[in-house]
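Here is a set of short exercises to work through with the model open in your viewer. Try each task before you read its solution.

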Amino acid sequence: MAKKYEHIFFDLDRTLWHFDENSKKVLNDIYVYFNLDKSIASANHFIEVYQEVNEALWALYRDDKLTKDELRWKRFDDTLTHFNISNNSKAIQMGDYYVTHSPRQTLLLPYTIEVLDYLSKKYKMHIITNGFKEVQYIKLTESGLLKYFDVIILSEKVGVKKPHPYFFKKAFIEAGSNADNSIMIGDDLYADIYGAQRVKMDNIYFNFYNTKHDKIVQKEISCLSELYEIL
Ligand SMILES: [Mg+2]
């Protein structure tokens, strides 16, 4: 990438903060804390169903077809319903438990700190995230990431989410940057990569699990340490 970048915009969840592992840990705790072993054979099965449900509901949330509060409890409600143990008040308690404990998990993707140490000497770095504002700051603080970032841009504050171009344009203004001197790094082909493409910002797709896809991407990595070579 020949261009001279000055600003890097990072996504947070699944790009730096190890969302999948951190989430699994808390879902395991929920399985134990709420005595789900009585009705669901294994924590893994519970987690598997929850993840499927959550993914479908997140897509609705991203398209503004579901509110944040609905998403929080409905993902547990739908999961319990799947196992024929529908229980509204328990689902709400689980939602609260999850939102309280999950942002306090601190596992990061491999090489996060090393790479941020390296990049912070060369670039101004920012976070651009669709995650909930109450939890994103806790994650950043608890996992020692906050100090690396100049501006934290939250979709909830802006009013639209990635991949909406207005969100990225707002991010440029807050960071004092523009599409030409910025690059986006994220794990989501739609929110992060398509979003960056729409505002003509260069981008790097972080495909940690080497998932097959048919999108044309400018640059793809499967480990953050590859950024040493690129940036
Ligand atoms: Mg992400």
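Two strands count as paired if DSSP finds at least two bridges between them. Keep in mind throughout that this model is predicted.

**Exercise 1: Lay out the sheet**

Work out in which order the six strands form the open sheet, and which strands lie at its edges.

Solution. Start with the order, which is S3-S2-S1-S4-S5-S6, with parallel pairing. Next, look for strands that pair on one side only: these edge strands are S3 and S6 (220-221). Now check one edge pair: S2 and S3 run parallel and are joined by four bridges. Within this pair, Ile127 stands opposite Ile152 in S3. Finally, add a helix: H9 packs on the sheet, where it touches S4 and S5, and its direction makes about 165° with that of S5.

**Exercise 2: Follow strand S4**

Find how many of the residues of S4 are buried, and which way they point.

Solution. Begin with burial: five of the five residues of S4 are buried, so to speak of this strand as mostly covered is fair under a cut-off of 20 or more other C-beta atoms within 10 Å. Then sort the side chains. In a regular strand they alternate between the two faces of the sheet. In S4, Ser182, Met184 and Gly186 point one way, while Ile183 and Ile185 point the other way.

Now turn to the partners of S4. Four bridges join S1 to S4, and the two run parallel; here Phe10 stands opposite Ile185. Another four bridges join S4 to S5, again parallel, and Met184 stands opposite Asn203 in S5. As a last step, trace the chain from S4 through H9 to S5: this β-α-β crossover is right-handed.

**Exercise 3: Find the cores**

Identify the residues with the most contacts inside the largest nonpolar core, and the element that supplies its largest share.

Solution. The largest nonpolar core has 33 residues, and Phe10, Phe168, Ala171 and Ile185 have the most contacts inside it. Elements that each supply at least two residues include strand S1 (7-10), helix H5 (112-120), strand S2 (124-129) and strand S5 (202-206). The largest share, five residues, comes from H8. To see one of the well-connected residues in place, select Ile185: leaving out residues up to four places away in sequence, Ile185 touches Ile8, Phe10, Asp11, Thr15, Ile204 and Phe206. There is also a second, separate core of 13 residues, which includes Ile30, Tyr31, Leu36 and Trp73.

**Exercise 4: Compare the faces of two helices**

Decide where the buried residues of H8 and of H6 sit around each helix axis.

Solution. An α-helix has 3.6 residues a turn, so residues three or four places apart point the same way. Take H8 to begin with. The buried residues of H8 are Phe167, Phe168, Ala171, Phe172 and Ala175. They cover an arc of only 140° around the axis, which puts them on the same side of H8. The face turned away from that side carries the exposed residues Tyr166 and Ile173. Among the elements that cover the buried residues of H8 are S1, S2, helix H7 (155-158) and H9. After H8 comes Gly176, with a positive phi near 70°.

Now take H6 (residues 133-142), where Gln136, Lys139 and Leu140 are buried. Down the axis of H6 these residues fall within an arc of 95°, so they line one face of the helix. That buried set packs against S2 and strand S3 (151-154). Just after H6, Gly144 has a positive phi of about 75°.

**Exercise 5: Classify two residues**

Is Glu134 buried or exposed, and how does Val49 count?

Solution. Glu134 is in helix H6. Glu134 has 12 C-beta neighbours inside 10 Å, so Glu134 counts as exposed. Glu134 and Val99 are 35 residues apart in sequence, with 9.0 Å between their C-alpha atoms.

Val49 lies in helix H2 (residues 43-62). Val49 has 17 C-beta neighbours inside 10 Å and therefore counts as partly exposed. Not counting residues up to four places away in sequence, Val49 touches Thr79 and His82. Val49 and Leu140 are 91 residues apart in sequence and 28 Å apart in space, C-alpha to C-alpha.

Key: Residues are numbered from 1 along each chain as its sequence is written. This is a predicted model: local features need pLDDT of at least 70, side-chain atom pairs count only at pLDDT 80 or more; totals for chains, interfaces and linings use all residues. A nonpolar core is a set of buried Ala, Val, Leu, Ile, Met, Phe, Trp, Tyr and Cys residues joined through C-beta atoms within 7 Å. Two residues are in contact if their C-beta atoms, placed from the backbone, lie within 7 Å. The arc is that of the directions from the helix axis to the C-beta atoms. Axes are lines fitted to C-alpha atoms, for helices over the stretch in contact, and angles run from 0 to 180 degrees between N-to-C directions. A crossover is right-handed if, with the strands pointing away from the viewer, the path from the first strand over the helix to the second runs clockwise.
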